[in-house]
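Good morning, and thank you for the time. I would like to walk through one chain, starting from a loop and working outwards to the sheet and the helices that cover it.

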Amino acid sequence: MPDKKIYAFGDSIMAGHKYKKAAFIDFVAAKQNMDLNKYARNGATIMDVNYEGGQILSQIIKASERKPDFILFDGGTNDAEYILNCKDIFDYEIYRRAFEKTVKTIQTKWNNTPVIYVAAHKLGSRDIVIQEKIRNIAFKICEQYQVIVADVYNLLDTNDVNKKNKYTFDELTKNGL
């Protein structure tokens, strides 16, 4: 029987992209003998971009009321694309308000549960300036609300072609890997 319960919210980084059992949270939960409830969904965003189940906040609202031992969430990866491509609708202030609302909702729903924000690695597929601004917004809010940050941004940079080829993918092979 697992020792602890953990909830995970977010986008493809938390969900596992197309390889559903390969998100880092699956490995962490197994290694630490934790019961994992993974609510994350590919394509999810912090901002409300009006697609059902796609906002991380909606994952949190729909999640079990049962109090977990830990909560992990990520976000910003897909928001960066909306900020870049839909400047007339989305901006950094909308992102800031949505991120803060996400954190406050987690802390209200599961009071006194440790919350960990997983800051994504440096993504070659996203505008670097937007990534930096979103990252800074998230970090300020995490500091304000005492959310722990797990930061791999500078450890993995998929702008580097070798790392991109080694650590990213768009399709699974026939054997499911």
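**From a loop to the sheet**

Let me begin with Q146, which lies in the loop between α6 and β5; helices here are DSSP runs of H or I with at least four residues, strands are runs of E with at least two, and both are numbered from the N terminus. The model is a predicted one, in which local features need pLDDT of at least 70 and side-chain atom pairs count only at pLDDT 80 or more, while totals for chains, interfaces and linings use all residues. Residues are numbered from 1 along each chain as its sequence is written, and side-chain values use heavy atoms, with hydrogens and water left out.

Q146 has a positive phi, near 55°, although the residue is not glycine. Its relative accessible area of 72% makes Q146 exposed; with a 1.4 Å probe and protein chains only, buried means under 20%, exposed over 50%, and partly exposed in between. N33 likewise has a positive phi near 55° and is a residue other than glycine. N33 sits in the loop between α2, residues 24-31, and β2, and its relative accessibility of 33% counts as partly exposed.

Now the overall plan. The chain contains 7 helices and 5 strands. Read from the N terminus, the order is β-α-α-β-α-β-α-α-β-α-β-α. Of the 177 residues in the chain, 42% are buried. Among contacts between residues at least 6 apart in sequence, 75% join residues at least 24 apart, contact meaning heavy atoms within 4.5 Å.

How are the 5 strands ordered in the sheet? They form an open sheet in the order β2-β1-β3-β4-β5, with parallel pairing; two strands pair if DSSP finds at least two bridges between them. β2, residues 34-38, and β5 stand at the edges with a single partner strand each, so one side of each has no neighbour in the sheet. Neighbouring strands are turned by 25° against each other on average, direction ignored. Here axes are lines fitted to C-alpha atoms, for helices over the stretch in contact, and angles run from 0 to 180 degrees between N-to-C directions. Strand β1, residues 4-9, runs parallel to β2 and is joined to β2 by 5 bridges. A8 has K38 of β2 as its bridge partner.

Two helices on this sheet deserve attention. α5 packs on the sheet, touching β3 (70-73) and β4, and its direction makes about 165° with that of β3. α6 lies across β4 and β5 and runs at about 165° to β4.

Take α5 in detail. Its 18 residues should span 26 Å at 1.5 Å a residue, and the end C-alpha atoms are indeed 26 Å apart; the expected span is 1.5 Å times one less than the number of residues. Y95, A98, F99, E100, T102, V103, I106 and K109 are buried in α5. These buried residues pack against α3 (56-62), β3, α4, β4 and α6. At the N-terminal end D91 acts as a cap, a side-chain oxygen lying 3.1 Å from the backbone nitrogen of E93. Such a polar contact is a pair of N or O atoms within 3.5 Å; within protein, one must be able to donate a hydrogen and the other to accept it, and residues adjacent in sequence count only if both atoms are side-chain atoms.

α6 has a cap as well: a side-chain oxygen of D127 lies 3.0 Å from the backbone nitrogen of V129, at the N-terminal end of the helix. Which residues of α6 are buried? They are I130, Q131, I134, R135, I137, A138, I141 and C142. Seen down the axis, these fall within an arc of 165°, so they line one face of α6; the arc is that of the directions from the helix axis to the C-beta atoms. The face turned away from the buried side carries the exposed residues K140, E143 and Q144. The cover over the buried residues of α6 includes α4 (77-85), α5 (92-109), β4 (115-119) and β5 (148-151).

One residue ties these two helices together in the picture. I141, in helix α6, counts as buried at 3% relative accessibility. Not counting residues up to four places away in sequence, I141 touches R96, F99, E100 and V103.
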